[in-house]
Amino acid sequence: RFAADLARAGALQASFLRPPHAHARIRAIAAGTARAMPGVAAVYTAEDTVAAGLGHNPCLVEIKGVDGRRHVAPPRLPMSPGRVRHVGEIVAMVVAATLDRARDAAEAIEVDWEPLDAVATGDAALLPGAPLLHDEAPGNLVCDWRKGDEAATAAAFARAAHVARVSFRANRILASYVEPRAALAEWDAGTGVVTLTTPSQGVHVIHRLLCDHVLRIPRDALRVVSEDVGGGFGPKLPPYPEQALACFAARTLGRTVRWVQERSEHHLADTHARDLVAEAALALDADGRFLAIRVDAVANYGAYVSAVTPTITTGGMAKVLTSLYDIPAAFIAMRCAFSNTAPVDAFRGAGKPETGV
């Protein structure tokens, strides 16, 4: 039983308006026409969610850079007030009696956009003069992370008889699971509890983060259920804005709210994976024995830091870089960058395929 099979009688249907720009300021949103359309129960924008106190969806892990500081993690709200940083972000939510009416109302919302320059790759994002995504991250740098014995690696390369080098890009990929994401938020007037049925890779992380950080409600005010799940592979691990917003609307309206993701939304809004450019070098002695391996790379994190992203191309790569070989010295220099793309996160091996081993 996939979430789309759970059609509750009288449930309101949700549709989300997403931007046509990868990077833009929102000068104004005119939603009056949409709110007045037949069957529309509510239209929400960032102004509403900020006023309601909805909070930041935090990262679950951390890494520290060469300066000893934690990676940069700008606020990631269910809707970003005043600015969008990738085309999958949510600008407005429409809740209506039917899905067609919700979609029609979403199309009736008028947004006054100020398009901004955008950057789509991590290496380009770190170049001087690249469009800046977050004031908290000068130069779009999330973290300058390093691991290994740099001095021993440099010494091994200095005495090497042969050095083999390869440059490669681990291209960005998408899960494209059988069942797209969904959220069914059912309000119980008697108990004041919302039951969120959503396909996931574990209800506990979603429950804790939604309650403690995003919705900011007691844990006993939300129940999270995952029934049959048509594929996960990583992207269904973290909580997403649509889940939080469905619960918010259900609590605010005192109604059941249902959203089933369209395939095009999956491509725009779910976490992607990989997206790394690297140069790897292997030092060998005159007999062809390995002396050291060195990697200099840039990881593209997308517009925000997702659930376990920081440990994927850093610690995840470091664990398997030398593979089965006896390599005396190894060193990784990994710069992690923000860009105007969907955030990346875990997917099938997380950090291992990026090494190219």
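**Reading contacts, bridges and strands**

Q: What share of contacts between residues at least 6 apart in sequence joins residues at least 24 apart in the protein chain?
A: In the protein chain, 82% of those contacts join residues at least 24 apart. A contact here means heavy atoms within 4.5 Å. Quick note on the ground rules: this is a predicted model, where local features need pLDDT of at least 70 and side-chain atom pairs count only at pLDDT 80 or more, while totals for chains, interfaces and linings use all residues. Residues are numbered from 1 along each chain as its sequence is written, and side-chain values use heavy atoms, with hydrogens and water left out.

Q: Why is the protein chain called as compact as a globular protein of that length?
A: Start with the parts: the chain has nine helices and 15 strands (DSSP runs numbered from the N terminus, H or I with at least four residues for helices, E with at least two for strands). The radius of gyration is 23 Å, close to the 21 Å that the globule rule gives for 357 residues, so the chain counts as that compact. That radius is taken over C-alpha atoms, and the rule is 2.2 Å times the number of residues to the power 0.38. The C-alpha atoms fill a box of roughly 80 × 40 × 30 Å along the principal axes.

Q: What makes Glu-186 and Arg-8 a salt bridge?
A: You need a side-chain nitrogen of Lys or Arg within 4 Å of a carboxyl oxygen of Asp or Glu. For Glu-186 and Arg-8 the closest N and O atoms are 2.8 Å apart, so the pair passes. Glu-186 sits in strand β9 (residues 182–188) and Arg-8 in the segment before β1 (12–17), 178 residues apart. The structure holds 19 salt bridges, and Arg-18, Arg-181, Glu-242, Glu-265 and Asp-270 are linked in a network of them.

Q: Is Arg-69 buried, partly exposed or exposed, and how do you know?
A: Arg-69 has 60% relative accessibility, so it counts as exposed (buried is under 20% relative accessible area, exposed over 50%, partly exposed in between, with a 1.4 Å probe and protein chains only). Its salt-bridge partner is Asp-67, with the closest N and O atoms 2.9 Å apart. At 48%, Asp-67 counts as partly exposed. As for the whole protein chain, 54% of the 357 residues count as buried.

Q: What makes the pair of Glu-262 and Arg-103 a tie between parts of the sequence?
A: Glu-262 and Arg-103 form a salt bridge, the closest N and O atoms being 2.9 Å apart. Glu-262 lies in the loop between β12 (257–260) and α8 (263–269), and Arg-103 lies in helix α3 (residues 99–108), so the pair ties together parts 159 residues apart. Glu-262 is partly exposed at 34%, and Arg-103 is partly exposed at 31%.

Q: How do you know that β9 and β12 pair?
A: Two strands pair if DSSP finds at least two bridges between them. β9 and β12 have four bridges, in the antiparallel sense, so they qualify. One of the matches is Ala-183 with Trp-259 in β12. β12 also pairs with β1, in the parallel sense over two bridges, and Leu-12 stands opposite Val-257 in β12.

Q: Why is one side of β4 and of β6 left without a neighbour in the sheet?
A: The open sheet has three strands in the order β4-β2-β6, with antiparallel pairing. β4 (83–84) and β6 (110–115) stand at the edges with a single partner strand each, so one side of each has no neighbour there. In β4, Val-84 is the bridge partner of Ala-24.
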